[in-house]
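Colleague: I should like to understand how the words in a structural description are tied to their definitions. Please begin with the structure itself.

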Amino acid sequence: MRATRRLTVAAIAATTALTLSACLASPEGNDQGGGSAGPDDPIVIGVSLPLTGDFAEPGKGVQRGYEAWAAYVNENGGLLGRQVELIIVDDQSNADRVASDYERLINQDGVDLVFGPFSTRLVVPAAQVAQDYGFLFVEPAGAAAEVFEQGFDNLFYAAPAIADDHYDHLADHILALPEDERPKTMAVASMDDPFAQGTAYGLRDTLADAGVEVVEDEVYPPNTTDFSGIAAKITDSDADLLIVGSQYQDGVNLVVALQQQGYQPDMAAISGAPTNAEFPAAIGDKTEGILAPTGYTPTATYPSNEEFVEAYTAEHGTPPAEDEANAWTTGQVVAAAVEAVGCADPSPECQQQLVDWLHENEVETVVGTLSWDAQGRPQSAHLIQQYVDGEIKIVLPEDVKEADLIHPKPEW
Amino acid sequence: MTGALFAQSLVLGILLGGLYALLAAGLTLYFGVMRVVMIAHSAFLILAAYLAWFFHERSGLDPLLSLVITVPLFFVVGYGMQRFLVSRLRPISLTTMSVLLTFAVALTIEGLLGFVWTGTQRRVQLEYSGTSIEVFGVSIAVVKLIAFALAAVSLGALYVILRKTSFGRALRATTQHPEAARLVGIDTDRVAGLGFGLGLATAAIGGTALSLDYTIYPSLHWHWIGPLMAIIVVGGLGSIPGAAIAAMLLGVAASLLQVPLGTTWAQTVFYLALFVTLMIRPQGFFGGRLAQRF
């Protein structure tokens, strides 16, 4: 019942936020009104983020990413030769509030551009407002399928892939293996969670279509703590390939339970847990060969990523994480369209040109080259990382790999 | 279901049942001795697991050694909790009010754990975490075996204390008839405090056993209290052997049912057993009347 705790936290946060917003009479940036008049005025970008409430942690990560991007752009000559200015307001993780925030940013503050908020629940209402006003809407976090099923034609998700496509590089790699090395059977276990399942089932379904047999398919509720029963079934199936869709503790407990029962797959693809910094500490020296998809890693060698990591680390002292990276990516995507089209103003003509340009072009970003389908789904896949010599390294795709993929996996 | 999978699941069920038995024994003891519903039992369990983890982190020694500290500590805390908190409740509404009181204690412990060690999930990483012994094709994880042995020894010790010592006799007398116990000269307040301490000491042992094999986080105790409550009702409130038998049966049932039903439905076995018990034998299956317990 972690929900209980979250509720408590949310209640306290909400109370605090209410008190705060009552004290701060006027929202940030109200004096900005008017929008873009001349070529020397800054380009004003409006954002509403969950800085308090349920999504406060990732919301602040996105804020750091946006601010770092704006600072970087301004140091390097700005956008179209104009400085960039952010107006960031707090939507308190509230879906009603986020819509009115964007209404106000567009109507009252007269922003030139908008960036998306964090998370599906807030992205959908915000995107609706942007759509109504004909604004381009690039968003850093809203990967759930429903985001792309609302009929938006102005929306673009600034990350490599939606959940179902996270494993695409690994699926391609497996299917390219010689017949005798390719896994013939697979065991799947996933938390009952749309994101974990989306990732795991993307790989499962691709391989099942190619003839790999599913010998075990388990779904467990998020509060599961004892994984020995699931491990017993997977061990009994003796599948060649193990696919796990996890968050964190479930992935760790399942791996330990499998080790206890002596299950040794040729390949173990586990989303969620392994990319967590605590994972090797929890599993010990038995991580070798575990594969995991990741949306972002500071070590990726895409050209702009090196600049990003350097600029971000110089300012914050620590390398960026995924939320910061997706925010930065959002900035890059919008900037690419603005530079190409040559306009940045709230007029429907300019916004439509930006939207059209993104539908037709690719953008180089810190998470690789991005392009989108008509509904705004990114068309790439996540990087695949593997524990090699005790460290998690990129092994797929080939052009950015840090180490060779180990197959079959060493015993754990 | 293959034979190997059946055997493996059976063994896992017995190992899990052993741990449940120890944890349920403490819970049923509180109720037997003073009609207290101790919601915070599993919160103390997680607290003990955290202390074991912290001890291991700081000293590098085996977390089992933390028992030397936590068992006496929990005994004293339990005694104090009974004397200074639980005994202040009005006898007439003791059982219902104790739910509220111990619920508050559980929330306080959870909050403090989160405050001190954050919500990050912790795990004790040991040399033997992933190792197992193979017996007739069944893998028995060393950590689970240790937990089971701890549970068995503690349950045995608890039984001996209650049956063979004069304190045990006083405790049982207090359970059966407090007024009569006072008439023959038993200081029932003190006995109740010691009984509470004894119950909490079992939480220290159970928590340490738990820390060997589980990832722990502050709110984990909510996952344990439900099945444990169901177990003590099925076993007969206040009956330690009843709790142990019910724990073992339900642990094995959950483990075996997982194979055909999957994890989600296997968890419901505890609650189904609870409903069935309340419908056809509300006093519990193994306890008989409260006065004849132990």
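Modeller: Between residues 42 and 387 of chain A, 42% of the chain is helix and 18% is strand, while the end C-alpha atoms are 46 Å apart. This is a predicted model, in which local features need pLDDT of at least 70, side-chain atom pairs count only at pLDDT 80 or more, and totals for chains, interfaces and linings use all residues. Residues are numbered from 1 along each chain as its sequence is written, and chains are lettered from A and ligands numbered from 1 in the order in which they are written.

Colleague: What makes a stretch a helix or a strand, and how many of each does chain A have?

Modeller: Both are DSSP runs, numbered from the N terminus: a helix is H or I over at least four residues, and a strand is E over at least two. By that criterion chain A has 12 helices and 14 strands. The radius of gyration of chain A, taken over C-alpha atoms, is 22 Å, and the globule rule (2.2 Å times the number of residues to the power 0.38) gives 22 Å for 412 residues, so chain A is as compact as a globular protein of that length. Along the principal axes, the C-alpha atoms of chain A fill a box of roughly 70 × 45 × 40 Å.

Colleague: Where does UniProt place the feature "domain: Leucine-binding protein"?

Modeller: An unreviewed UniProt entry places that feature at residues 42–387 of chain A. UniProt positions are given in the numbering used here, with feature names shortened, and such annotations may be inferred rather than shown by experiment. The domain assignment is a separate matter, as its bounds come from an automatic or database domain assignment. The assignment gives domain 1 of chain A as 2–161 + 301–370 and domain 2 as 165–294 + 382–400.

Colleague: How do you know that domain 1 and domain 2 of chain A are in contact?

Modeller: Two residues are in contact if their C-beta atoms, placed from the backbone, lie within 7 Å. Under this rule five residues of domain 1 of chain A are in contact with six residues of domain 2 of chain A. The side of domain 1 that touches domain 2 has four nonpolar residues, one polar residue and no charged residues. Here Ala, Val, Leu, Ile, Met, Phe, Trp, Tyr, Cys and Pro count as nonpolar, Asp, Glu, Lys and Arg as charged, and the others, Gly among them, as polar.

Colleague: Which elements of chain A touch chain B?

Modeller: The contact takes 31 residues from chain A and 30 residues from chain B. On the side of chain A, α1 (2–23), β7, α7 (228–237), α8 (249–260) and α9 (279–283) each supply at least two residues. By class, that side has 11 nonpolar, 12 polar and eight charged residues.

Colleague: Why are β7 and β14 of chain A said to stand at the edges?

Modeller: Two strands pair if DSSP finds at least two bridges between them. In chain A, seven strands form an open sheet of mixed pairing, in the order β7-β6-β8-β9-β10-β13-β14. β7 (213–220) and β14 (391–396) of chain A each have a single partner strand, so one side of each has no neighbour in the sheet. Within that order, β10 (residues 290–294) and β13 (residues 383–388) of chain A run antiparallel and are joined by four bridges. P293(A) stands opposite I384(A) in β13(A).

Colleague: How many bridges join β1(A) and β3(A)?

Modeller: Strand β1 (residues 43–49) of chain A pairs with β3(A) over two bridges, in the parallel sense. I45(A) has L113(A) opposite in β3(A). These strands belong to an open sheet of three strands in chain A, in the order β2-β1-β3, with parallel pairing. β2 and β3 (113–114) of chain A are at the edges with a single partner each, so one side of each is left without a neighbour in the sheet.

Colleague: Which peptide bond is cis at P397(A), and where is P397(A) found?

Modeller: The cis bond joins L396(A) and P397(A), with omega about -5 degrees, and P397(A) is found in the segment after β14 of chain A. Another cis bond runs from H407(A) to P408(A), with omega near -5 degrees.

Colleague: What do the spans of chain B annotated "transmembrane region" include?

Modeller: The unreviewed UniProt entry covers several spans of chain B, including residues 191–212 and 269–286. Residues 191–212 of chain B are 100% helix and 0% strand, with end C-alpha atoms 32 Å apart. Residues 269–286 of chain B are 67% helix and 0% strand, and their end C-alpha atoms lie 18 Å apart.
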